[in-house]
Amino acid sequence: MQSSSSLFTTSQLCLQLFLSFIKISPTTFGGGYAILPVIHREITDRRGWITPNEMHEITAIAGATPGGVAINIAALVGYRMAGIRGLLASVTAISLPTVMIMLVLSILAAIYQHSPFLEAAMLGIQPAIIALIAYAAIRMRKDVLRSRAAWMTFGGSCMLLLWTSLNPVVVIGCGMVAGCLVHYLQWKRAVNRTVGMNRK
Amino acid sequence: MIWDLFWTFFKLGFVSFGGGYAMIPLIEHEVLQHNWMSATEFTDAVTLAGMAPGSVAMNSAVYVGYAASGWIGSTAASIGIVLPSIILMFLVATLFYRMYHNHWVQAALDGMKPAVMALIAYAAFNMAMHSGLLNGYARYTWFSVVIFAVMLFALIRWKLHPIAVILISGIAGIILYV
């Protein structure tokens, strides 16, 4: 499990995780999926700790379990790298700075909430956050949508989300069932083919 | 009071599927029931929580905790909302990495990944529709579309750092709107 343990001891690895996530934390504007490009860049591109494909899997699991996506991803990456200690280090690091910032903001709220500069800056940042979220989806496309079945699952999920008011977790559940179904059909076809060849 | 804050957000943490704005109605219900804030105060709190870095749900917890009983309340509420994540992710992670190479788990993941991708795309779409940025042909509609397009291009083509994206668009906002 601890692929890099030959290079670092667990404590050193925890420190590295802590530093990485404490650096990411204050930049997670918009929360949730807007944070994905930042985490990808630090964990897979820069540090090379986790392969892009495994990162997509971690994203899928983090989205399917309760709690903030960012915190869940930090927890899974931490656990993957350094077990329970890594999990605690990563979650602490990703929560602490935003809690501090929010605490200071709560105190300053009455004074600065109606500052025209802040409001203008926020109005500019809002479309950029939408761009960050869109980029998170685009980034997954290359690795995820590689088969016809994956395209169909993607299209079906989009339709469910747009036209029904199903809970997102139910949509992820449907994806899970679809994945198993495709796997079963492929396996059955492979069995039929070998049986057919044996008959000849 | 402190224990109440912790316990309320601890319970909310377990049911917060999807995180973010999906949780706001649940938090509002609890806040009004416990009389921690008024409904208008809570709306202001959510706006501020959305503007600050970090998850909306967690920031709301910090603000509600502060309004209810100062920084100790904030600490109790934020520990309360984070603890369920830690417990659940620990369970999921131990289970997941034990079954990681099972071919059924892999098949389920193969189906989940495109579904989550659709969820992310939908989150972007939803935010664009509900942010009020696309209402009519106001001046800021055009500016917003331009900022969105330029930033998306910069991310894909030049691999611009996300922090730079936030900073540049914030400065652009100040130049365009003040």
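## Chain B: charge and surface

The mean positions of the 6 positive and 6 negative charges in chain B are 23 Å apart. This value, like the others in this report, belongs to a predicted model. Chain B has an accessible surface of about 8,600 Å², and 70% of that area belongs to carbon and sulfur atoms.

Of the 178 residues in chain B, 48% are buried.

## Chain B: fold and dimensions

Chain B contains seven helices and zero strands. Its elements follow one another along the sequence as α-α-α-α-α-α-α. The globule rule gives 16 Å for 178 residues, whereas the radius of gyration of chain B is 20 Å, so chain B is more spread out than a compact globule.

Measured out along the principal axes, the C-alpha trace of chain B spans about 50 × 50 × 25 Å. Among the contacts in chain B with a separation of 6 or more, 54% are between residues 24 or more positions apart.

## Chain A: fold and dimensions

Chain A has seven helices and zero strands. Read from the N terminus, the pattern in chain A is α-α-α-α-α-α-α. The radius of gyration of chain A is 21 Å, while a compact globule of 200 residues would have one near 16 Å.

Along the principal axes, the C-alpha atoms of chain A fill a box of roughly 80 × 50 × 25 Å. Residues 24 or more positions apart supply 57% of the contacts in chain A that have a separation of 6 or more.

## Chain A: charge and surface

Chain A carries 16 positive and 6 negative side chains. The centres of these two sets lie 14 Å apart.

About 9,600 Å² of chain A is exposed, and carbon and sulfur atoms supply 65% of that area. Buried residues account for 50% of the 200 residues in chain A.

## Annotated segments of chain A

An unreviewed UniProt entry places the annotation "transmembrane region" on four stretches of chain A: residues 58-79, 86-111, 117-138 and 169-187. In the model, residues 117-138 of chain A are 100% helix and 0% strand. The C-alpha atoms at the two ends of residues 117-138 are 32 Å apart.

Residues 169-187 of chain A, another stretch in that UniProt annotation, are likewise 100% helix and 0% strand. Here the end C-alpha atoms are 27 Å apart.

## Helix α2 of chain A

Helix α2 of chain A covers residues 36-46 and is mostly covered, with eight of its 11 residues buried. The buried residues of α2(A) are L36(A), P37(A), V38(A), I39(A), H40(A), E42(A), I43(A) and T44(A).

Just after α2(A) comes G48(A), which takes a positive phi of about 65°.

## S20(A) and its contacts

S20(A) sits in helix α1 of chain A, which runs over residues 10-24. The relative accessible area of S20(A) is 0%. Buried means under 20%, so S20(A) counts as buried.

Leaving aside residues up to four places away in sequence, S20(A) touches E42(A), R47(A) and W49(A). One of these partners, E42(A), is also on the list of buried residues of α2(A). Through the contact with E42(A), S20(A) of helix α1 touches a residue of helix α2 in chain A.

Definitions and conventions: Residues are numbered from 1 along each chain as its sequence is written. Chains are lettered from A and ligands numbered from 1 in the order in which they are written. Side-chain values use heavy atoms; hydrogens and water are left out. Helices (H or I, at least four residues) and strands (E, at least two) are DSSP runs, numbered from the N terminus. The radius of gyration is taken over C-alpha atoms; the globule rule is 2.2 Å times the number of residues to the power 0.38. Buried means under 20% relative accessible area, exposed over 50%, partly exposed in between (1.4 Å probe, protein chains only). Contact means heavy atoms within 4.5 Å. Accessible areas come from the Shrake-Rupley method with a 1.4 Å probe; for residues, only the protein chains shown count as cover. Lys and Arg count as positive and Asp and Glu as negative; His and the chain ends are not counted. The place of a charge is taken as NZ of Lys, CZ of Arg, CG of Asp or CD of Glu. UniProt positions are given in the numbering used here, feature names are shortened, and annotations may be inferred rather than shown by experiment.
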